[in-house]
Amino acid sequence: MPQWLETPAGEYLLAWEQRHLDQAVVDLFGFHALQLGLPELDTLRANRMPHRWLAVESPPSRSEQRIDAADTALPAATEKTAITLHCHFDALPFDSASLDLVVLPHSLELARDPHLTLREVERVLVPEGRVIILGFNPASLWGARQRLGRMRRGLGLGAERDLFLPRAGEFIGYRRLRDWLRLLSFEVESGRFGCYIPPVTSAKWLARFNWMESAGDRWWPPFGALYYIVAVKRVRGMRLVGLVRDELRLKAVTAPAPVAATQRSAELETHGDPY
């Protein structure tokens, strides 16, 4: 993936994702945000949460310092989010319900167990916390070219030719991902497709087909090469306290007021018992 991002198509993808992620995270508030994987993309740079982390699964190098997520002295984010954690994405070193935002830029596609990774994200998110997931769309021209390249390799044709997209990972369809989120009690808040240009490798041709972005948004939105989903963690029964409080307040209003007995006693003292 890092090597592919240096190609013209990879740079085009990064530019699209960075531009739209900046718009998606700028108005999300809280205290703690986490990005899982893809350090080439700074998904949290436009976010204003005081504590932001970038986690990767690769082992730390000698020049990188390992930071424990349980340490309360973790530094606040600077202009660019630096790598602060090295961990497995299906075993995050955070307490349950401790993060307000988690961003997964192609992390599920490269995860060793995407189901377990998504469950772990649900665990560490606070109620009403948000997760943003980016992925390649298999129902696109980019996805079709990737499948064709793998079929040719399986038949022994063109095995020496590189695939258009990174060979690692497995694409997860947009509807399939929505079903996974629904099973984990997430509610999809918004979603968007992008990168409607054909799968070309030349920067010159990428620029020539740039007009297809606006046309794709209007005429064939589900066939973009990329998508991102913003989902909210919903917890059933979280509003029960408010409902009970309102119900008790209604009962207090409709119940006989004790002041009536006081008024009755005052009348007896003043006028006597009429009976």
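This is a short tour of a predicted model, with something to select at each stop.

**Stop 1: the whole chain**

Begin with everything shown as a cartoon. You should find nine helices and seven strands in the chain. Of its 275 residues, 42% are buried. Now think about who touches whom: among contacts with a separation of 6 or more, 72% are between residues 24 or more positions apart.

**Stop 2: helix 3**

Select residues 114–124, which form helix 3. Which residues of helix 3 are buried? They are Pro114, Thr117, Leu118, Glu120, Val121 and Val124. Look down the axis: these residues cover an arc of only 155 degrees, so they sit on the same side of helix 3. A general rule helps here: an α-helix has 3.6 residues a turn, so residues three or four places apart point the same way.

What covers the buried residues of helix 3? Turn on its surroundings, and you will meet strand 1 (32–36), strand 4 (99–105) and helix 2 (107–110) among the covering elements. Strand 5 (125–136) and helix 5 (174–183) are also included in that cover.

**Stop 3: helix 5**

Next, select residues 174–183, which are helix 5. Here the buried residues are Tyr174, Leu177, Trp180 and Leu181. Viewed down the axis, they fall within an arc of 120 degrees, so they line one face of helix 5. Turn to the other side of helix 5, and you will find Arg175, Arg182 and Leu183 exposed.

The cover over the buried residues of helix 5 includes helix 2, helix 3 and strand 5. It also includes strand 6 (186–194) and strand 7 (226–233).

**Stop 4: where helix 3 meets helix 5**

Keep both helices on screen. Their axes come within 11 Å and cross at roughly 45 degrees, which makes helix 3 oblique to helix 5. The crossing is right-handed. To see the contact itself, show the side chains of Pro114, His115 and Leu118 from helix 3, together with Leu177, Trp180 and Leu181 from helix 5. Sorted by class, this contact has five nonpolar residues, one polar residue and no charged ones. Several names are familiar from the earlier stops: Pro114 and Leu118 are among the buried residues of helix 3, while Leu177, Trp180 and Leu181 are buried in helix 5.

**Stop 5: Ser185, after helix 5**

Follow the chain out of helix 5 to Ser185, in the loop that leads to strand 6. Is Ser185 buried, partly exposed or exposed? Its relative accessible area is 34%, so Ser185 is partly exposed. Check its backbone too: phi is near 65 degrees, a positive value in a residue other than glycine. As a general point, most residues other than glycine have a negative phi.

**Stop 6: Leu38**

For another positive phi, jump to Leu38, where the angle is about 50 degrees although the residue is not a glycine. Leu38 is in the loop between strand 1 and strand 2 (51–56). With a relative accessibility of 10%, Leu38 counts as buried.

**Stop 7: Gly30**

Finish at Gly30, in the loop between helix 1 (8–25) and strand 1. Gly30 is partly exposed, at a relative accessible area of 24%. Which residues does Gly30 touch, leaving out those up to four places away in sequence? Select Met49, Pro50 and Asp100 to see them. For a last look, draw a distance from the C-alpha atom of Gly30 to that of Asn47: the two are 17 residues apart along the chain and separated by 9.7 Å.

Notes
Residues numbered from 1 in each chain as written. Predicted model: local features only at pLDDT ≥ 70, side-chain atom pairs only at ≥ 80, totals over all residues. Heavy atoms only, no water. Buried < 20%, exposed > 50% of the residue type's maximum accessible area, 1.4 Å probe, protein only. Helix = DSSP H or I, 4+ residues; strand = E, 2+ residues; numbered from the N terminus. Arc of directions from axis to C-beta. Contact = heavy atoms within 4.5 Å. Axes fitted to C-alpha atoms, helices over the stretch in contact; angles between N-to-C directions. Parallel < 35°, antiparallel > 145°, perpendicular 65-115°, else oblique. Left-handed = near helix turned anticlockwise from the far one by under 90°. Nonpolar A, V, L, I, M, F, W, Y, C, P; charged D, E, K, R; others polar.
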